[in-house]
2 protein chains.
Amino acid sequence: MNNVVTPVAEKQLLEIARSKGLETGRDRLAAMKPQCGFGELGTCCRICYMGPCRIDPFGEGPKKGVCGLSPDTMVARNLLREATGGASSHVGHARHLLITLRDALDGEAPYEIRGEDRVFALGKVFGLAVEGRSAKQVCRELVDIALQDFGRQDNKPNNWLSKRAPAMEREMWEKLGLTYSNPHNEIETAMHASSMGNDADPVTLLLRTLKIGLVDGWSGLALCTDVQDILFGTPQVTTVESNVGVLEENSVNIAVHGHNPVLSEKILEWAGKLDKEAVAAGAERINLVGVCCTGNELSMRHGVPLAAHNAQSELILATGAVDCMIVDIQCIWPSLPQLAKCFDTAFITTDEMVHIPGARHIEFEPHHADESAQEIVRAGIEAFAKRKGKAVHIPQLKTTAVAGLSLEAIVGILSKVDAKDPLKPVIDNVANGNILGFAGIVGCASIKFRDGAMTEEMIKALLANNVLVVATGCIAHICAQDGLLTSEATGKYCGDGLKAVLTALGQAAGLGGPLPPVWHMGSCVDNSRIVDLLGAVAGRLGVKISQLPAVGSAPELVQEKAISIGCSFLALGTPLHVAPAPRILGSQSVTKVLTEDLVNITGAKVFVECDPKKAAAGVVAIIKEKRAALGL
Amino acid sequence: MNNVVTPVAEKQLLEIARSKGLETGRDRLAAMKPQCGFGELGTCCRICYMGPCRIDPFGEGPKKGVCGLSPDTMVARNLLREATGGASSHVGHARHLLITLRDALDGEAPYEIRGEDRVFALGKVFGLAVEGRSAKQVCRELVDIALQDFGRQDNKPNNWLSKRAPAMEREMWEKLGLTYSNPHNEIETAMHASSMGNDADPVTLLLRTLKIGLVDGWSGLALCTDVQDILFGTPQVTTVESNVGVLEENSVNIAVHGHNPVLSEKILEWAGKLDKEAVAAGAERINLVGVCCTGNELSMRHGVPLAAHNAQSELILATGAVDCMIVDIQCIWPSLPQLAKCFDTAFITTDEMVHIPGARHIEFEPHHADESAQEIVRAGIEAFAKRKGKAVHIPQLKTTAVAGLSLEAIVGILSKVDAKDPLKPVIDNVANGNILGFAGIVGCASIKFRDGAMTEEMIKALLANNVLVVATGCIAHICAQDGLLTSEATGKYCGDGLKAVLTALGQAAGLGGPLPPVWHMGSCVDNSRIVDLLGAVAGRLGVKISQLPAVGSAPELVQEKAISIGCSFLALGTPLHVAPAPRILGSQSVTKVLTEDLVNITGAKVFVECDPKKAAAGVVAIIKEKRAALGL
């Protein structure tokens with residue numbers, strides 16, 4: 001798709017894997033080609049047994065499904081189901097956290113409130129009395145408010161959306177009928193509406209998809225981030241190491257992979273406590289490293305190294321140096337235990353919901369978190385004992401990266417410049433053109449793009465155009481590995497305006513160098529932090545989020561969750577770049593709604609572009625339009 | 001698939017449709033062939049954007065998806081999502097009813113409690129005080145108990161399952177980990193578990209599919225039936241007319257189509273009240289007829305004629321005589337408004353969730369039920385005024401049918417034979433072999449089988465083997481049209497044993513003739529009545545439901561709902577025939593679990609057979625095995 005070379009980590013790890021005769025996703029992707037065009041275009045329906053139906057939008061074949069469904073409806077219905085799969089994942093994650101927090105408050109789960117600031121801040125958002133009360137007291141009320149949303153059948157506004165979301169957007173959603181009450185009602189209804197013989201109107205289906213996006217955004221992402229910050233603390237700026245070189249030949253290498261810090265925080269705790277046992281087993285130490293989003297969570301809060309993004313999750317096993325890979329939920333490739341078996345690697349599933357053939361399952365249930373975490377860490381030490389002395393192949397690739405840029409951390413930095421109006425320095429520099437605008441580059445790392453450098457190239461082109469970038473998820477791993485989360489990158493890649501701003505800000509904040517040009521804001525659920533940032537800037541300016549010179553991008557789309565996150569941004573009014581194309585191109589009308597008409601509904605629009613330079617140019621063009629509309 | 005001729009209604013209606021140049025589902029099905037083999041085998045996955053992936057289980061292509069997913073997992077995951085689509089539909093239907101009932105009790109929706117018996121009976125089931133209390137008082141507590149299930153995050157047993165389900169099966173489900181707490185949690189988790197990178201074990205996915213079957217069975221079907229009986233009364237035996245000949249050239253023909261009697265009961269009420277307006281418009285009367293399951297609901301409770309099953313929903317429009325088709329939820333083909341446009345037919349969608357291009361939308365919201373119902377009925381009268389005098393083509397086909405055989409109605413009949421032990425006459429006749437066993441033939445009518453007579457042939461073969469048949473859903477429409485719901489059918493089709501029993505029972509109960517050999521137990525959600533019947537018989541014998549000589553069958557599978565209903569029967573231990581094959585054949589292991597291993601888990605197993613005689617032979621063989629195991 002582009003001419004740049006394969007990132008060096010991929011290159012070296014793939015060579016290692018191939019030399020060992022290991023099959024990887026790239027081999028399976030090559031074997032799967034050509035991939036089904038009906039599926040790619042969205043015009044495949046197997047929702048009822050009169051089907052399966054397929055419609056070739058270019059061809060001479062049937063123009064409707066057996067039930068009479070148009071390709072437009074087929075596409076819209078499939079998209080709604082994708083978004084529902086994503087929203088269910090985030091809502092499930094949030095609910096698990098919420099119940100863990102409730103049980104912790106009840107003394108039934110060994111977790112504490114480390115984010116007291118966050119409790120009091122949220123207490124104010126929800127209009128609770130906070131003066132003179134303990135964090136526990138306020139927190140218990142917050143938990144009740146959050147649980148009320150899941151239990152309500154009164155059709156009253158969802159608490160989390162109606163108190164946490166920005167006011168102007170909330171008003172817009174109310175007018176559009178996009179607000180919701182109980183997130184579970186919406187998931188049930190989305191599955192119901194998309195079953196055979198219900199909603200057949202592509203427009204109402206697309207509106208429901210936006211609504212599911214809001215469910216994802218507020219009862220998923222925002223609730224996840226809020227509860228994670230309450231339980232584990234709000235991230236503050238930290239420097240971490242990144243890339244496969246963080247593995248250590250002579251240490252017990254434990255990789256946590258997945259999304260839920262309820263597991264990985266306990267693994268971190270017990271890795272520390274059991275370090276002596278590792279030493280007794282002949283290791284230098286326990287070396288905990290992070291993969292995918294749970295890696296982001298630990299790096300943001302504890303400086304744990306970022307070993308691999310999702311598309312490298314197979315590849316780091318090829319080193320033979322991972323003694324234990326511990327997984328929780330989401331994005332865990334089923335191939336992983338098979339690869340682990342080629343080495344002494346213990347591959348451990350932990351979630352009640354996630355079982356993978358070939359894995360060892362040690363159920364991790366928050367009530368018995370300490371016992372399970374010990375057992376799991378010891379499994380890593382045992383695996384090391386078997387592996388010790390055998391050859392491993394760890395590419396010596398390692399970068400440093402600044403992480404932990406939560407909204408609170410960003411405001412903290414900016415406060416050192418202007419304590420009374422922290423956002424002013426940023427806004428002034430947008431106004432004077434030093435900062436052209438903002439891009440949130442988020443989501444997955446896809447092997448469809450990892451033989452090149454889709455994300456890196458796109459971001460560098462944006463930086464050269466003075467677009468400040470914030471990143472989350474596996475995109476943040478890619479940026480870290482490419483050195484984009486460093487002060488040096490500011491000098492190397494930014495246009496003069498952005499360079500000047502980041503340098504001045506870094507200096508004023510006493511950081512000893514420029515701020516990095518890409519701000520690592522966290523995991524995929526931490527896209528809520530981006531929303532909060534956009535909301536804060538828009539609120540400060542008194543404009544709608546859709547008016548900001550800000551664009552979102554998921555340049556390497558893989559997961560249903562990325563679809564639902566994308567929909568939450570579209571509902572917010574944020575224009576969105578995506579690659580590869582979502583499965584909408586089989587419908588001219590759905591494509592038109594999402595790429596054109598939506599501008600007149602929420603202010604957002606989608607554009608698809610698989611070439612990184614052209615994608616960046618598209619983002620820059622939109623930002624310039626937005627600036628012009630604001631009179632900048 | 002078989003050699004019998006097309007049912008006469010289909011034959012004549014198709015000729016009419018073709019003579020008018022109308023496209024129907026049969027034309028689109030023919031154009032769609034050959035249908036996608038990957039889809040049919042279940043080995044197509046488009047859950048993430050590394051795909052779409054397809055695996056040919058017979059071929060030389062890839063053996064795994066890009067993420068490493070095996071075809072076994074692919075098949076199990078797709079099946080879980082189908083079941084979740086079905087369960088979401090039934091749970092959504094139940095929740096809508098429950099909220100309507102709550103609002104009616106609060107005086108906010110114009111509905112009453114017509115099923116006081118049902119309220120008190122359920123009150124006892126749930127251990128409520130009933131003596132000296134009003135139905136309203138008890139009902140309010142029942143509503144609270146039901147709503148509690150939707151709100152709970154305490155992981156405590158689901159009320160509706162734990163109080164309504166038979167004890168032995170409940171115990172089995174607890175041991176298997178199949179019981180649930182909040183149905184919404186399960187829908188969310190099923191979507192989450194089946195998203196990319198979560199559950200990859202076909203066995204745990206299949207167990208979760210059974211669990212979703214229980215969600216469907218108890219928080220869907222049973223809750224629907226219970227609340228419908230509370231609101232509209234428990235059905236009692238009644239005789240109805242059936243088939244397209246129930247349309248009347250000179251009347252305002254209003255067809256209600258869908259599933260939710262909250263709409264159709266009000267249409268029935270206002271059709272009566274506005275009859276004079278119809279007469280004033282030149283009609284003889286308003287002739288309300290039922291299509292699909294809402295037709296079953298009205299026929300069971302009010303003797304409203306059964307005009308058409310789902311696979312005929314297009315065809316009755318071809319008569320030109322339907323003045324108004326009013327639809328609510330589920331199984332509404334998107335082609336219908338297009339066909340309606342060829343005539344003066346008003347096609348009206350009513351549910352907030354269901355919009356269809358080309359339809360007129362009159363939102364029916366229970367709080368304003370009377371106003372909306374009037375508007376809708378008047379739209380029918382207006383359409384008649386336009387249609388009046390134009391040629392219509394109504395095949396003169398009409399049969400009578402006995403409907404309304406709720407469990408309570410059946411027990412009522414049997415009580416006339418043995419007031420103290422009503423089930424005894426049935427059980428004695430099973431023991432002596434007059435009744436070989438029972439078959440519940442349920443679910444959809446499929447155009448894939450409606451050029452033949454799959455269901456009719458299969459049922460006749462069962463009756464000849466002295467198998468007593470109960471039917472629901474569109475299968476009941478098929479039986480009604482074929483004359484199987486009559487006393488005459490008993491003499492015509494039953495083996496000597498069954499004939500003798502039904503004749504004796506009919507006589508003893510003073511019905512003036514034999515009981516029909518096929519008992520119409522209601523709509524698709526009324527499959528819960530079959531479960532209650534099985535539970536009552538098993539309870540009376542002190543055996544598990546899986547030990548009964550009883551088999552379920554969905555001989556013309558169309559809907560995701562049929563998959564979730566099927567799973568609820570599999571969880572119960574009932575062997576199940578199905579045609580066409582569910583999308584499992586691409587996985588040997590999933591096929592083996594469902595067709596063989598499940599016997600050792602719940603006692604159930606699936607068999608697939610598309611030939612009606614062989615299907616009946618398969619059912620008879622299972623029944624004989626069960627009898628032998630019971631020592632009969």
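Trainee: Where in chain B does B:Pro52 lie?
Mentor: Place a residue by the elements on either side of it. B:Pro52 sits in the loop between strand S1 (44-45) and strand S2 (53-54) of chain B. Keep in mind that this is a predicted model.

Trainee: What is the peptide bond from B:Gly51 to B:Pro52, cis or trans?
Mentor: Read the omega angle. Here omega is near 10°, and the bond is cis.

Trainee: Which peptide bond leads into B:Pro580, and where does B:Pro580 lie?
Mentor: The bond from B:Ala579 to B:Pro580 is cis as well, with omega near -5°. B:Pro580 belongs to the loop between strand S15 (576-578) and helix H25 (588-595) of chain B.

Trainee: What is phi of A:Asn155, positive or negative?
Mentor: Look at the sign and at the residue type. Phi of A:Asn155 is near 65°, a positive value, and the residue is not glycine. A:Asn155 is found in the loop between helix H6 (135-151) and helix H7 (159-164) of chain A.

Trainee: How is chain A divided?
Mentor: Follow the residue ranges. Domain 1 covers 32-67 and domain 2 covers 71-222. Domain 3 runs over 244-387, and domain 4 over 407-629. The C-alpha centres of domain 1 and domain 3 of chain A are 41 Å apart.

Trainee: How can chain B be laid on chain A?
Mentor: Start with the general idea. Two copies of a chain are related by a rotation about an axis and a shift along it. Now the case here. A turn of 180° and a shift of 0.0 Å along the axis lay chain B on chain A, with an RMSD of 0.0 Å. That is the relation of a two-fold axis. In chain B, the C-alpha nearest the axis belongs to B:Gly151, at 1.8 Å from it.

Trainee: Which surface serves the two copies?
Mentor: The same surface serves both: 100% of the contact residues of chain B recur in chain A. As for the count, 88 residues of chain B are in contact with 88 residues of chain A.

Trainee: What area is buried between chain B and chain A?
Mentor: About 7700 Å². Carbon and sulfur atoms give 56% of that area.

Trainee: How many salt bridges cross the interface of chain B and chain A?
Mentor: Look for side chains of opposite charge that meet. The rule finds 6 salt bridges across this interface. In one salt bridge, the side chains of A:Glu352 and B:Arg208 meet at 3.4 Å, N to O. Polar contacts are counted too: 66 residue pairs across the interface, both residues at pLDDT 80 or more.

Trainee: Which helix of chain B gives the most to the side that touches chain A?
Mentor: Helix H4 (residues 71-105), with 13 residues. By type, the residues of that side of chain B divide into 42 nonpolar, 28 polar and 18 charged.

Trainee: How many salt bridges are there over all chains?
Mentor: The count comes to 82. Take B:Asp451 and B:Arg26, whose side chains meet in a salt bridge at 2.8 Å, N to O. This pair links distant parts of the chain, 425 residues apart. B:Asp451 is in the loop between strand S11 (437-441) and helix H19 (454-464) of chain B, while B:Arg26 is in helix H2 (residues 25-32) of chain B.

Notes. Residues numbered from 1 in each chain as written. Chains lettered and ligands numbered in written order. Predicted model: local features only at pLDDT ≥ 70, side-chain atom pairs only at ≥ 80, totals over all residues. Heavy atoms only, no water. Least-squares fit on C-alpha atoms with pLDDT ≥ 70 in both. Contact = heavy atoms within 4.5 Å. Domains from an automatic or database assignment. Buried area = accessible area lost by both parts, 1.4 Å probe. Salt bridge = Lys/Arg side-chain N within 4 Å of Asp/Glu carboxyl O. Polar contact = N/O pair within 3.5 Å; in protein donor to acceptor, adjacent residues only side chain to side chain. Helix = DSSP H or I, 4+ residues; strand = E, 2+ residues; numbered from the N terminus. Nonpolar A, V, L, I, M, F, W, Y, C, P; charged D, E, K, R; others polar.
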